[in-house]
Every structure is written in structure tokens, then in C-alpha cells.
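Here's a quick walk through this protein for anyone about to look at it at the bench. Pull up the structure and follow along.

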Amino acid sequence: MTSLVLLMLSTGCSRRHPGRHERDGLGFCAPSGLRMMSPHQERAKRAFDIIVSFVGLIVFSPVIAIAIILARMDTGASGLFRQERIGREGRPFTVVKIRTMRDAPGTTVTTRNDSRITPFGARLRRWKLDELPQLWSVLRGDMSLVGPRPDVEGYADRLRGEDRVILKLRPGITGPASLKYKNEEFILSCQEDPKKYNDLVIWPDKVHINKCYYLKYRFADDLIYIWKTIVG
């Protein structure tokens, strides 16, 4: 109920917030429609991750190297940003991204007008180029190309009951929740308390979407999510 009230009271955004369960490609997880990811599907998904991430690292390594150098010059810090996130089965791992923000105090929730984001960093984030180093995490097995975005410590502990099935998934570079909330930073910038809005409205909806992704998994959907991410 609190989430619904916050959603109805949020104002000031020129773009409408995507409604819960609205056009996420998954709909409601009705019990009759559930089909948990099979061992065969898990192996096929992992094989696809290995092949694509390996090729991707070869193809994009020059872009990653140049972006790291420019990010270091832009932020005055290391060109790579490292942070501990929670992965499959609740195990922590280190996520690596190209640095897009100045090293300054702030929350883990980022809005579009966050003063820590540099002009060059904003361009990287707009084109998702800051995510390219995560291909290494995919190749290592810490992440997948498609799956829930890895959360910082604390959020996985809030998962209860059936929602905990999403911990069976490797975190992803993209996914249905990421696509639905591709304008998340804009949405949060419209809120008086971005972190509270994220915790009470956006995060629970992402949990629902990611749970449905696991329970109604199809490899063909992964290809669709990757394509939608590439074309924007």
C-alpha cells in the first residue's frame, strides 16, 4: 500500500512512471504459467554467456582501454570503479565499471542530476559504455549477460519467500527490469527522497519482474532483451 501511495503522489516528471507489471513482457506470474529454469536451460545460458563475453572482450577491448584512460583524466581518479555487490546465492563479488562519477560523499542511489556524475561520465552512462568491463565478470561466471542487476549489500536480505528464487540467477548486465527502468535516474531525480522511492516502489517492482523472468524463463527472451539493450 505504501508503494502505491508513493507512486500516486509522485509528481513533477514530464515522463510517466512505468506502472507495476506494465508492459514488462512478463505480466503476472500466475501459478499455472510457471516453469522454473531447467538444468539444461542453465547450461545453455552459461555457454551463451561464455561465447558472447569472450568475443565481446576481444571486440571492445580498444574501446574499454580508451574509455578507462579518458575516465581517469575526467574524474582525477582510477578509470575503473569497483564495488562489492551481491551475486548468485547471495555471494558477494566485485563489480567493475568504467568510472563515471567523482569521488565524493553520496548515497548508492544515483539520480540524473547527481553532481558526482561528470560530463564525460554522463555520456558513458547514456550509451551504457561504462558497463563494458562487466563482460569480464560474465566470462568469470560472476554475472550473466541477462539477469537482475546486482544490488549492493542489504537488499538481498530483504527478499522473503518466493522472491528469494531470484538469488538462483547470476546478476546480469541487462534484463527485463533494467529495460523497464532504463530511465530510472530520471524517475528518481523527480522524487523528494530518491532512496526511499527506490526502496519502496522501484526495487519491489524489480523483484517481481526478476522473479517472473526466472519462473517463466525462455532463452529467446534473453536474445530479445539483449537486442533491445543494443538498439536503445
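## Helix α7

Start with α7 in this predicted model. With 22 residues at 1.5 Å each, α7 should span 32 Å, and its end C-alpha atoms sit 30 Å apart, so the two values agree. There's a bend to look for along the way: α7 has a kink of about 35° at Ile202. That spot comes shortly before a proline, Pro204.

Is α7 mostly enclosed or left open? Of its 22 residues, 17 are buried, so the rest of the structure largely encloses this helix.

## The nonpolar cores

In soluble globular proteins, nonpolar side chains tend to be buried together. Here, the largest nonpolar core holds 28 residues. The members touching the most others are Leu145, Val146, Leu159, Tyr213 and Tyr214. Several elements chip in with at least two residues each: helices α2 (39-75), α4 (134-140), α7 (194-215) and α8 (219-231), plus strands β2 (92-98) and β3 (144-146). Which of them gives the most? That's α7, with five residues.

There's also a second, separate core, made of nine residues. Among them are Val109, Leu188, Val201 and Ile202. You've met Ile202 already, as the site of the kink in α7.

## The overall layout

Stepping back, the protein has eight helices and four strands. Reading from the N terminus, the order is α-α-β-β-α-α-β-β-α-α-α-α. Of its 232 residues, 44% are buried. The accessible surface comes to about 13,000 Å², and carbon and sulfur atoms account for 58% of that.

How much of the contact network links residues far along the chain? Taking contacts with a separation of 6 or more, 73% join residues 24 or more positions apart.

## A look at Pro92

Pro92 is a handy example to click on, and you'll find it in strand β2. Leaving out neighbours within four places in sequence, Pro92 is in contact with Glu84, Arg85 and Ile86. Asp142 is 50 residues away along the chain, yet its C-alpha atom is 9.3 Å from that of Pro92.

## How far to trust it

The mean pLDDT of the protein is 88, with 85% of its residues at 70 or more. Two stretches score poorly. Residues 1-12 have pLDDT below 50, and the model gives this stretch 13 contacts beyond near neighbours in sequence. Residues 20-25 also stay under 50, with 15 contacts beyond four places in sequence.

Methods:
Residues are numbered from 1 along each chain as its sequence is written. This is a predicted model: local features need pLDDT of at least 70, side-chain atom pairs count only at pLDDT 80 or more; totals for chains, interfaces and linings use all residues. Side-chain values use heavy atoms; hydrogens and water are left out. Buried means under 20% relative accessible area, exposed over 50%, partly exposed in between (1.4 Å probe, protein chains only). Contact means heavy atoms within 4.5 Å. Accessible areas come from the Shrake-Rupley method with a 1.4 Å probe; for residues, only the protein chains shown count as cover. A nonpolar core is a set of buried Ala, Val, Leu, Ile, Met, Phe, Trp, Tyr and Cys residues joined through side-chain atoms within 4.5 Å. pLDDT is the predictor's confidence in each residue, from 0 to 100. The expected span of a helix is 1.5 Å times one less than its number of residues. The bend at a residue is the angle between axes fitted to the seven residues ending there and the seven starting there.
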